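Hi,

Here is the structure I promised to send over. Have a look at it first, and then read on for what turned up when I went through it.

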Amino acid sequence: MCGIIFHSIKQPIDYKDLVIRNKRRGPDYLSTKNTPAGYFTSTVLHLRGNALTQQPLESDKGDILCYNGQIFDSFEVPDECNDGVLLLNILSGLSDDDLRDYLLNIADPCAFVYYSTSTRSTFFGRDTLGRRSLLMSSSDDGILVSSIPDPSLSWEECDATILYELKDDQSLIKHQRDTSIKLNRMIPEKDTVENIPCDILDQFRHILTQVVDRRVRSIPTHKETGSSLRECKVAVLFSGGIDCTMVAHLASKILPKSEPIELINVAFCATPNPSIDTLREVCSRAPDRQTAMEAVEELQKLHPGREFRLQTIIELMYPKNTVMDLSLAAPLYFASRGQGYLYNSKEDYTAQARVLLSGLGADEALGGYGRHRVAYQKGGWDVLADELEMDLDRLPSRNLGRDDRVLSHHSREVRFPFLAQPLLRWLSTIPLHLKADFRQTELGDKRLLRTLAVSEGLVSASNRAKRAMQFGSRSSRMDGAGASKAKGDDIIKIN
């Protein structure tokens, strides 16, 4: 992972604060290349290859790449290699038209700035789902692009449905992407709910296991943990719900038994000036805390040789923005910060893992929202299909960029197995009723995932109903404006 800064502004500008902010994303290395096309700056967090790879990358032809991302599915990356280097080699060898097509269809999670000597253009953008942050600030003097904003300037999120091309005359061309996903709309012939075919369940298990494997494999070791405990390379953002529990379960099946897995659980307390004991006791009653403890019990039974390091994080204050933004972003911010205590020993503990796994995306892909049931009840399978397609089509404009900025602030990278393109493509080909079947009065949502959970031994997890993150962690009570009065788009003022 890295932080990216690019500016084409000809006159000297002071962007030291922007560099400092981006260095929080990538503390391992910092460098700038000054070229006629502009200034290219990268900060690096080493997560791929045997040795740290310095950025910005430059080809023999003079092409320059600032790359914040990971290649998981587009092509094979040997464990000892750096994916950014391999990507630069591919881009430098493409014709002008093929280069634009390749960048338009880039599907692995990333944000990038790429200068091509053959086109004399600087391309920048995000992956087709917008999983990495990239922002743009424009003025008459030129364009400034960064992973993180400087509050003194006006910024806009780079649209994930667009590939931006800045020509050497400073004209900006916007190439539109087609990011729509069409679903299989075949409806069941019978009115009765039938079992999911074994071959469908096996394919789902295979693809989901494969995408988790690619996201936990060959993470470099970082010895400077400051802890006597064994090093953790992988953590799961862990509420105890079915999505994150399945991710933790599959990660445990893949990783060597000697490697612990951190399970990071966040809860908030609205009690004024509590003692630490009161704070912990109040937070222990948060819904996500309860389900997390139940889920860990089930995981430990299935993986008796694995150390699951359940870390509980409790907070009283958090960064301020709109009420809704804060109630969603606050749990992520403090989970990424990773300062809490171990549930079993009650000892203070700071998370070690640089890679965080998230179950986000399962609801969109598998029909996990309450509105999906409402859509089916209103208009049957066609209306449900419309709702699911709309959710998938809205993924590029969702707040994944905001979440990336929040989570990476503490030098960690989040990875989303349920948003892997091979999985989304396969799920789009199977009939709706195999993914979610709301003819069932209860738990028809995410039917395919629930069935897989039962077959994997996660019986308790398979029965857990969905709960929004802001309510499960109780961050919705921390808006500072009174939970009963505040609206989601209200601004929380900074004094």
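Let me start with S218, which counts as partly exposed because its relative accessibility is 33%. Before going further, please keep in mind that this is a predicted model. S218 sits in the loop between helix 4 (198-216) and strand 13 (234-237). What caught my eye is its backbone: phi is positive, at about 55 degrees, although S218 is not a glycine. Most residues other than glycine have a negative phi.

R120 does much the same thing elsewhere in the chain. Its phi is also positive, at about 55 degrees, and R120 is not a glycine either. You'll find R120 in the loop between strand 6 (110-116) and strand 7 (121-126). Is R120 buried or exposed? With a relative accessibility of 51%, R120 counts as exposed, since the cut-off for that label is over 50%.

While we're on backbone oddities, have a look at Q55 and P56. The peptide bond that joins them is cis, with omega at about 0 degrees. Most peptide bonds are trans. P56 belongs to the loop between strand 3 (38-44) and strand 4.

Strand 4 covers 57-58, and the loop between it and strand 5 (64-69) holds D63. D63 has a relative accessible area of 1%, so this acidic side chain is buried. What does the D63 side chain pair up with? The side chain of S92 makes a polar contact of 3.1 Å with it. Setting aside neighbours within four places in sequence, D63 also has L57, E58, L88, Y114, Y115, S116 and T117 in contact, along with S92.

Y115 comes back when you look at the rings. The whole structure contains seven aromatic pairs. In one of them, the ring centres of F40 and Y115 are 6.5 Å apart and the planes meet at 55 degrees, so the pair is tilted. F40 lies in strand 3 and Y115 in strand 6, so this pair ties together parts that are 75 residues apart in sequence. Both F40 and Y115 are buried. Another pair, Y333 with F334, is edge-to-face, with 5.0 Å between the centres and 90 degrees between the planes. Y333 and F334 are both buried as well. Going back to F40 and Y115, ring pairs link them with F6 into a cluster.

Two charged side chains also lie over rings. K346 lies over the face of Y343, 4.1 Å from the ring centre. R371 does likewise over the face of Y369, at 4.3 Å.

Now for the empty space inside. There are three cavities of 30 Å³ or more, and the largest has a volume of about 140 Å³. Which residues lie nearest the centre of that largest cavity? Out of the 15 that line it, they are M1, V44, L45, Q55 and N82. Q55, then, is one of the residues nearest the cavity centre and is also joined to P56 by the cis bond. Strand 5 and helix 2 (83-92) each contribute at least two residues to that lining.

Three more residues are worth a click:

- S336 is in helix 8 (residues 323-337). Its relative accessibility is 0%, so it counts as buried. Beyond its neighbours within four places in sequence, S336 is in contact with L356, V406, L407, H410 and R412.
- L395 is in the loop between helix 10 (370-393) and helix 11 (400-408). Despite the loop position, L395 counts as buried because its relative accessibility is 1%. Its C-alpha is 8.8 Å from that of G361, which is 34 residues away in sequence. Not counting residues up to four places away, L395 touches L129, E364, L400 and L419.
- E442 is in the loop between helix 13 (432-435) and helix 14 (447-455). Its relative accessible area is 61%, so E442 is exposed. The C-alpha atoms of E442 and A465 are 9.1 Å apart, with the two residues 23 places from each other along the chain.

If you'd rather open just a couple of spots, I'd go for D63 with its contact to S92, and then the F6, F40 and Y115 cluster.

Cheers

Note on methods. Residues are numbered from 1 along each chain as its sequence is written. This is a predicted model: local features need pLDDT of at least 70, side-chain atom pairs count only at pLDDT 80 or more; totals for chains, interfaces and linings use all residues. Side-chain values use heavy atoms; hydrogens and water are left out. Helices (H or I, at least four residues) and strands (E, at least two) are DSSP runs, numbered from the N terminus. Buried means under 20% relative accessible area, exposed over 50%, partly exposed in between (1.4 Å probe, protein chains only). A polar contact is a pair of N or O atoms within 3.5 Å; within protein, one must be able to donate a hydrogen and the other to accept it, and residues adjacent in sequence count only if both atoms are side-chain atoms. Contact means heavy atoms within 4.5 Å. Rings of Phe, Tyr and Trp (its six-membered ring) pair if their centres lie within 6.5 Å; planes under 30 degrees apart count as stacked, over 60 as edge-to-face and the rest as tilted. A charge sits over a ring if NZ of Lys or CZ of Arg is within 6 Å of the ring centre and within 35 degrees of the ring normal. On a 1 Å grid over the protein atoms alone, a cavity is a set of points where a 1.4 Å probe fits but cannot get out, and a pocket is an open set with protein on both sides within 12 Å along at least five of seven lines; lining residues have an atom within 4 Å of a point. Grid points are joined across faces, edges and corners, and a volume is the space filled by probe spheres set on the points.
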